[in-house]
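Colleague: Could you take a close look at one part of this model for me, namely the place where the two domains meet? Please say how far the prediction can be relied on along the way.

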Amino acid sequence: MVYSCSLKERKATSLAEPIRLLLVDQGIKFIDDRVTKDDFSSMKPQFQFGQLPCLYDGDQQIVQSGAIMRHLARKHDLNGENEMEMTYIDMFCEGVRDLHRKYTQMIYMAYETEKDPYVKNILPEELAKFEKLLATRGNGRNLILGDKVSYADYALFEELDIHQILDPHCLDKFPLLKAFHQRMRDRPKLKEYCEKRDAAKVPVNGNGKQ
């Protein structure tokens with residue numbers, strides 16, 4: 001199966017990055033079609049909700065980053081093995097979404113004035129929640145569901161990754177999260193991809209702030 005994945009910015013990782021990480025790590029072939037901001041203006045009407053990212057599975061257009069992730073998870077056995085595992089994954093993903101909303105508000109609306117308070121106060125409080133939740137299964141010594149990867153692992157990994165760009169020491173007081181992040185980054189395909197991404201200095205956000 002070859003997917004066509006259209007992303008919002010040519011030079012920013014954006015909301016599509018966890019999707020890309022999943023596809024890369026799982027060895028799923030896909031077309032990485034990164035749309036420029038100028039081109040997106042004329043293309044916008046063709047997308048449901050007028051938004052990117054968008055993934056084409058055959059002729060089917062799928063939009064909304066969470067819907068794309070869950071679609072891929074169901075198709076490729078990355079969504080847990082029972083109802084409780086699915087719910088546990090959902091808790092992580094919803095938590096990541098909440099944290100990312102706070103992050104983007106700071107990045108796009110008040111970076112100069114709110115970055116320091118965010119790093120000092122908001123981020124540690126949010127990371128503590130993930131540290132506590134991660135510890136509830138297998139003492140947090142492996143992946144979210146233990147030894148089997150789920151789509152939530154890619155979402156959490158990317159969120160931790162962009163926050164380490166914001167503050168390289170943000171995980172120092174959270175050993176489980178720090179080890180989880182390193183464990184994910186050491187997965188062979190992700191390691192190769194992330195090293196290339198780092199070397200290319202791909203910005204995280206469309207406004208260049210990170």
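**The interface between the domains**

Modeller: Over residues 7-11 the pLDDT (the predictor's confidence in each residue, from 0 to 100) stays under 50, and the model has 22 contacts (heavy atoms within 4.5 Å) beyond four places in sequence for this stretch. The model is predicted, so local features need pLDDT of at least 70 and side-chain atom pairs count only at pLDDT 80 or more, whereas totals for chains, interfaces and linings use all residues. Residues are numbered from 1 along each chain as its sequence is written, and side-chain values use heavy atoms, with hydrogens and water left out. The chain averages a pLDDT of 89, with 93% of the residues at 70 or above.

An automatic or database domain assignment divides the chain into domain 1 (5-76) and domain 2 (83-186), whose centres, taken over C-alpha atoms, are separated by 22 Å. At the interface, 11 residues of domain 1 are in contact with seven residues of domain 2. The two domains bury about 790 Å² between them, 72% of it on carbon and sulfur atoms; buried area is the accessible area (1.4 Å probe) that two parts lose on being put together, summed over both. Leu21, Met69 and Arg70 supply 42% of the area that domain 1 buries against domain 2, more than any other three residues. Helices α1 (17-25) and α3 (65-75), taken as DSSP runs (H or I, at least four residues) numbered from the N terminus, each supply at least two residues of the side of domain 1 that touches domain 2, and α1 gives the most, with five residues.
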